[in-house]
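Please walk me through this structure, beginning with the confidence of the model and ending with the contacts between its chains.

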Amino acid sequence: MSSEAMRDSAHDSEENVASFGTRAALASGAGLAMVSAVYIAPFGALAGVVSAETGLSLLQALGLSLFVFAGASQLAAMELMRADAPWLVIVVSALAVNLRYLLYSGAVANVFRELPPKQKLVVAATTVDNTVSGLLSWRRFGQTTTREKFAFFVGCGVGSWAIWMTFTAVGYQLGPLMDSGALKMVAPVAFMSLAAPLLTTPPRWIAAIVACVVVLAARGHVYHMELILAALTGIGAALLMPAPRMAEPSEQTAQSGEAIGGDAAEDVCEPRGPNP
Amino acid sequence: MSDGIFWLVTALIALGTFALRFGFHAVTGDAEPAPWLKRALETLPAAILAALTATLAFGGVVDGAAPLDPASTVGVLVSLLVGVTTRDFMRALLAGLAAGGATMLVVGIL
């Protein structure tokens, strides 16, 4: 074969492997975001309602949802604002709530290793429960290129962000008019749904139970730091348990991100629900 | 809280959260964390998410500010049961929301 023909046929086989397409991947991601609206919308509305109750302006409410894009920490921060906690406690508590995103980054950093740095920033900006679990359980994961996975991730992320912002505004405006009782149930159920699939080993059960007890018992007594205290005591209790038999060094993966984040974050993100 | 302090807090939370989200993208090389640190990081989401659930569902009760909410309680218990047995986030969520919603209807009727 001439060298041109060889190049062309090599190019063709690349095309066949990458046949799903970035546009289709983007649409799949956006579709997943739509499906996830079942919890993003009420949760966003709750954030909006609570923003109004906390006395924030609409601009401030939208600012939190836009720049933080993390419901649990937004709710925690606003509760602390209502309690007139010092600003540093608010910041540290919110970041404690968001520590799980560090594990999420471990799960996706390996997937997106080849991306240029600017695109990694975009991945980071759209790293939420939804996008990470969606990507890791995507049925086309094995057949798509990194670029297509990036398109899926960003499609899901931007779609989720849009829903989040929209319903923050909706909740803010309509909040005073409606009984937020139904919404109040959504947040604890959503977080229990994230937590329960993780409870797979005794240390995790211990950590969860101790953390629950501490966060409620210490409430009101530790200058609003009960969440941080609960996390530390929960982890401490789990570490006090006898260590599992250590795996052979060769069994441990080399990449630190995959080692820390891969296993743990995959557990966090492992829903086997339907995906487009 | 003044406007200035609010935006300071928001900016700090946003930047810190972004740093966490970017976290492992910045790591290169094969440095492996200590085994105890690995185990700590692996139990961290379970501990934080459980504590958040407890705070959201029962924090008001502990403060004495609100009565126990039957919808949240039932929803959380159902979600726990379904989540542990199926290990499926969506199923746990939908089951919990359905159970909580049903509880609200029942309590509303009684």
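The text below takes up confidence and then the interface.

This is a predicted model, in which local features need pLDDT of at least 70, side-chain atom pairs count only at pLDDT 80 or more, and totals for chains, interfaces and linings use all residues. Residues are numbered from 1 along each chain as its sequence is written, chains are lettered from A and ligands numbered from 1 in the order in which they are written, and side-chain values use heavy atoms, with hydrogens and water left out.

Chain A has a mean pLDDT (the predictor's confidence in each residue, from 0 to 100) of 82, and 80% of its residues reach 70 or more. Among the elements of chain A (DSSP runs numbered from the N terminus: helices are H or I of at least four residues, strands E of at least two), the highest mean pLDDT, 97, belongs to helix H3 (residues 58-67), and the lowest, 41, to helix H13 (residues 256-268). In chain A the pLDDT is below 50 over residues 10-16, a stretch with zero contacts (heavy atoms within 4.5 Å) beyond near neighbours in sequence. It is also below 50 over residues 247-276 of chain A, but that stretch has 73 such contacts in the model.

At the interface, 98 residues of chain A are in contact with 74 residues of chain B. The area buried between the two chains (accessible area, 1.4 Å probe, lost on being put together and summed over both) is about 7600 Å², with carbon and sulfur atoms giving 76%. The rule finds one salt bridge (a side-chain nitrogen of Lys or Arg within 4 Å of a carboxyl oxygen of Asp or Glu) across this interface. Arg219(A) pairs with Asp63(B) in a salt bridge, the closest N and O atoms lying 2.8 Å apart. On the side of chain A that touches chain B, helix H10 (residues 181-195) of chain A contributes the largest share, 14 residues.
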